[in-house]
Amino acid sequence: MANSDKNIFKIADSIYSSRLLVGTGKYKNTQEAKSAIDKSGAEIVTVAIRRTNIGQEKNEPNLLDIISPDKFTILPNTAGCYDADSAIRTCQLARELLDGHALVKLEVLADKKTLFPDITQTLYAAEKLVNDNFKVMVYTTDDPIIAKRFEEIGCVAVMPLAAPIGSGLGIQNPYNIRSIVENASVPIIVDAGVGTASDASIAMELGCDGVLMNTAIAEAKNPILMAGAMKKAIQAGREAYLAGRMPKRAYASASSPIDGRFF
Amino acid sequence: MKVLLNGSSYSVKNNCSVDSLIKNLDLNGKYAIEINQNIIPRSQYSNKRINSGDKIEIVQAIGGG
């Protein structure tokens, strides 16, 4: 992202200190999700919007009672939507649910096997939502041309996938991710596909502004330990990016001087 | 009269308001309501009347990525 102060992470006029965004799905229970999120240091937390269970699970705590909108930036998603209209409808319900909070994660899916996004439907929905004053963080493929198009529409962040959602395969196309980052003037956040800490570091070393993940933490054998690892990986990757890595060479380059040898 | 509440048939009194429906359901936490795909803002819960056959959706935030 072309930002005069490289170390400020800003989305829709809010400044965040953590570049790790996390989901709340797939945990054993809400308490485990909360412990992992606390350990991750994440400030932006995604949620899904679904039907309330009428007359059931009276004692089940409401997610937003545990993960409070007073403490976290809640990012409602449109997961499970396969057309623009249901995604728009979901965003409108989310905004009402969250008392006018207009930040949303837009995803319009195309295919159940890959969960790849339907770009034409996503473009259509993004345009409608931006016109309706939503602040749209958009899930997309790693196509640099499409990423730019979402920025031009007015999305506040563009979120290319590293690999399919929940696959844990890591960054499959670092060249495209780098290309998206180099051409962007909104935050670029890798969303989906991260499997372990090094994947998150690679995304950050490529210059991404942040990483959004869920399964990599929730499906780790020890989610809370992994949440801490991800926090460090994001920070390490970011610092390595800012530091600027050494050039790669085909052959060795001795670290100790040749001069002054006594042998 | 019958309405379709979150996809299931549900009985409410004639001329029932959204407010009284919510009280009957004893909902906890945050939720949002849509009737026939129109969002009902919280400020309209007491005035908005439910009609027979209305399709009502009540949604909340749950875990997701």
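Modeller: Buried means under 20% relative accessible area, exposed means over 50%, and partly exposed lies in between (1.4 Å probe, protein chains only). This is a predicted model: local features need pLDDT of at least 70 and side-chain atom pairs pLDDT 80 or more, while totals for chains, interfaces and linings use all residues. Residues are numbered from 1 along each chain as its sequence is written, chains are lettered from A and ligands numbered from 1 in the order written, and side-chain values use heavy atoms, without hydrogens and water.

Colleague: Is A:Cys155 buried or exposed?

Modeller: A:Cys155 is buried, at 3% relative accessible area. A:Cys91 is buried too, at 1% relative accessibility.

Colleague: How many disulfides does the structure hold?

Modeller: A disulfide is a covalent bond between the sulfur atoms of two cysteines. The cut-off here is a sulfur pair within 2.5 Å. The structure holds 0 over all chains.

Colleague: Why does A:Cys91 have no bond to A:Cys81?

Modeller: The two sulfurs are 7.7 Å apart, so they are too far for a bond. A:Cys81 is the cysteine whose sulfur is closest to that of A:Cys91. A:Cys155 is in no disulfide either, and its nearest cysteine sulfur, in A:Cys91, is 11 Å away.

Colleague: Next, A:Thr90. Where does A:Thr90 lie?

Modeller: In helix 3 of chain A, residues 84–97. Helices are DSSP runs (H or I, at least four residues), numbered from the N terminus. A:Thr90 is buried, at 14% relative accessibility.

Colleague: Which residues is A:Thr90 in contact with, leaving aside neighbours within four places in sequence?

Modeller: A:Ile49, A:Asn77, A:Thr78 and A:Cys81. Contact means heavy atoms within 4.5 Å. The side chain of A:Thr90 also reaches the backbone oxygen of A:Ser86, at 2.7 Å. A:Phe262 is another matter: 172 residues along the chain from A:Thr90, with 74 Å between their C-alpha atoms.

Colleague: How many cavities of 30 Å³ or more are there?

Modeller: Rolling a probe the size of a water molecule over the atoms shows where empty space is left. A cavity is a set of points on a 1 Å grid over the protein atoms alone where a 1.4 Å probe fits but cannot get out; lining residues have an atom within 4 Å of a point. The count here is 2. The second largest has a volume of about 40 Å³.

Colleague: What lines the second largest cavity?

Modeller: The lining includes A:Pro144, A:Lys148, A:Val158 and A:Ile188. Helix 5 (144–153) and helix 6 (174–183) of chain A each supply at least two residues. Helix 5 gives the most, with 4.

Colleague: What is the lining by class?

Modeller: It has 6 nonpolar, 1 polar and 2 charged residues. Ala, Val, Leu, Ile, Met, Phe, Trp, Tyr, Cys and Pro count as nonpolar, Asp, Glu, Lys and Arg as charged, and the others as polar.

Technical notes:
1 Å grid on protein atoms, 1.4 Å probe; cavity = no way out; pocket = protein on both sides within 12 Å on 5 of 7 lines; lining within 4 Å. Points joined across faces, edges and corners; volume = space filled by probe spheres on them. Polar contact = N/O pair within 3.5 Å; in protein donor to acceptor, adjacent residues only side chain to side chain.
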